[in-house]
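This report covers a metal site, a strand and some disulfides. Please look at the sequence and the structure first.

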Amino acid sequence: MGLWSSKPVSILCIGVLSNSMKTSANDKKGKLRSGVELPEKADVHHDGKAKKFEKGKKPVPRILFPDSLLFKRWGEDLTEEQQTKAQELFINYGYNVYLSDQLPLNRPIRDTRSPRCQEKKYPHNLPTLSVILIFMNEAMSIILRAITSLINRTPSHLLKEIILVDDYSSNEELKFHLDEQIKKYNARYPGLLKIVRHKKREGLTQARISGWEASTAEIVAILDAHIEVNAGWAEPILSRIKEDRTVVVSPVFDNIRFDDFELLEYAVAADGFDWALWCLYELLPPEWYALNDETAPVRSPSIMGILAANREFLGEIGVLDGGMHIYGGENVELGLRVWQCGGKIEVLPCARVAHVERAHKPYLLDLTVAMKRNALRVAEVWMDEYKYMVYYAWNLPLENPGIDYGDVSSRKELRKKLNCKSFDWYIKNVYPNLIPQTTIVGYGTLKNTLDDRMCIDQGPVPGNTPIMYNCHAYSPQHMFYHSTGEIYMGGLRARQNAIDRCLTDPGTGDLPLLNPCNEAVQKGLNMHWDFEQGSAIINKKTKRCVEIIKDSPLSYYRLVVQNCTGQKWHIQHVVKDWGKNGAGR
Ligand SMILES: *[C@@H]1O[C@H](CO)[C@@H](O)[C@H](O)[C@H]1NC(C)=O
Ligand SMILES: [Mn+2]
């Protein structure tokens, strides 16, 4: 294993999807950028000359924002006024709009494809393509550069249209001025550009659906607007979907750095997710390496937010779930639906799209709320008895979780109508890396009756000593007690390649330990505990108990394992009737 292994894989798969996620709190209503000139249209298609960078005047200016991420490796020669402007734009957009406005729209970017991709020949008569660019308060120069890259790097006889979908931007620049730009493009390329404008904020998923509805070509590519497509990006996509109309494909993303707009090449990876349905990257499967062909499609359990598909096929399987809020989980929903309902998902190593990863996501708190809700939607519609894993991962009670995930009846009907396969089939045939936990009987925080403000916590990381800590109920304090006696600590991983940690009694001293559960089994560590709600936690082998003690009357309680004194513990959620509702296997 190890083709391209030296290249980083995007750690921010959130970033891939983060297009129209700003909450209303972050909108700057009607904000105009003055004095920033966009490159002339002549710049766009004729010469690639960059406007000369405006240098600050000597002497070297004071650094106004030493803590801003924007100025860590960029902008040292800007005047104070320029710094102020650049910083303000950066705060609003999360990327360097000041620089973007000066870079040519048709700037060259490095071809990041492997040599074999560059040599590969594709048939001339491929199906036509509609490209959908979704945005909400994106910088104009970013959108225009995306359009320019599409025009310059897609064979013109294949690019039928580019559909812009504006999810109710408040940014004035994106109204009249964008319409003017569209007219200019259409004067040169008749009918190429279309725009769909939402009359209210409808969110990322609905924006994608609106674009799909407006599209007319045989193939649709649904992209963020903060991208630049790379050389030859379209041909592998069109030719693969022409071969098999049931394949939904993802290009490989490279990163356009948010500060200096340099291209950072990313490794090819498959798209997956954890039990909370957060997206993550998976290693390439061994079968792919066995093909010994860097151009071969990579079978992928799921997909990120940028995708291409046969337009009609995407419609037949229900496009996207319009009931998703803001962001998160909608990609997993599509992934499960495609696989379970007879399609496939593939990442195409020869199709590369450069994508701006925003520096800050001020909407992160809101994100979890939407994500949790969307995850439950996916769980309820697609995951059958395994849906409990999503509740565990989010530390939600199985009954009355207190989250309104909306009406899923039409999605359930869709599943029935399409006669889709079970999640059990999916997990066994497509994504065996996920390991369902069938023996969990209690989960959530663990509190001692002596002090209910303190919770067991996995302790400092790196480190393997659990501690008592003020309860915050985030994942370091999520415990999972199994009917077989194990206590998993610190969030639920439950994946082949991410091993959970188990509470053990080392047998000597008074500190309990955390060990990787597989290692604890191999080494025969004291990892099994007797526990019932409201009673002691007793190690089955050593007979010692998990307890808390104070070293002096004024100190805090600390977590120990010692001779039992009769202390009692409460776990946050108890699983009733485990196994009776089909969850056990
Ligand atoms: C714990 O209990 C064992 C067995 O009853 C005893 O031998 C040992 O001295 C006790 N240890 C402490 C620290 O009290
Ligand atoms: Mn994005």
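The notes below take up the metal site, then one strand, then the disulfides.

This is a predicted model: local features need pLDDT of at least 70, side-chain atom pairs count only at pLDDT 80 or more, and totals for chains, interfaces and linings use all residues. Residues are numbered from 1 along each chain as its sequence is written.

The manganese ion (ligand 2) has as protein donors Asp224 (OD), His226 (NE2) and His355 (NE2), at 2.0 to 2.2 Å. Donors are N, O and S atoms within 2.8 Å of the metal (3.2 Å for Na, K and Ca); water is not among the atoms, so sites may look incomplete. The spacing of the donor residues in sequence is D-x1-H-x128-H. Aspartate 224 and histidine 226 are buried (buried means under 20% relative accessible area, exposed over 50%, partly exposed in between; 1.4 Å probe, protein chains only).

Strand E6 (residues 247–256) is largely enclosed by the rest of the structure, because ten of its ten residues are buried. Strands (E, at least two residues) and helices (H or I, at least four) are DSSP runs, numbered from the N terminus. E6 pairs with strand E12 (residues 344–356) in the parallel sense over ten bridges; two strands pair if DSSP finds at least two bridges between them.

The structure holds five disulfides, a disulfide being a pair of cysteine sulfur atoms within 2.5 Å. The table lists three, among them.

| Cysteines | S to S distance |
|---|---|
| Cysteine 455 and cysteine 471 | 2.0 Å |
| Cysteine 502 and cysteine 517 | 2.1 Å |
| Cysteine 545 and cysteine 564 | 2.0 Å |

How values were computed. Chains are lettered from A and ligands numbered from 1 in the order in which they are written. Side-chain values use heavy atoms; hydrogens and water are left out.
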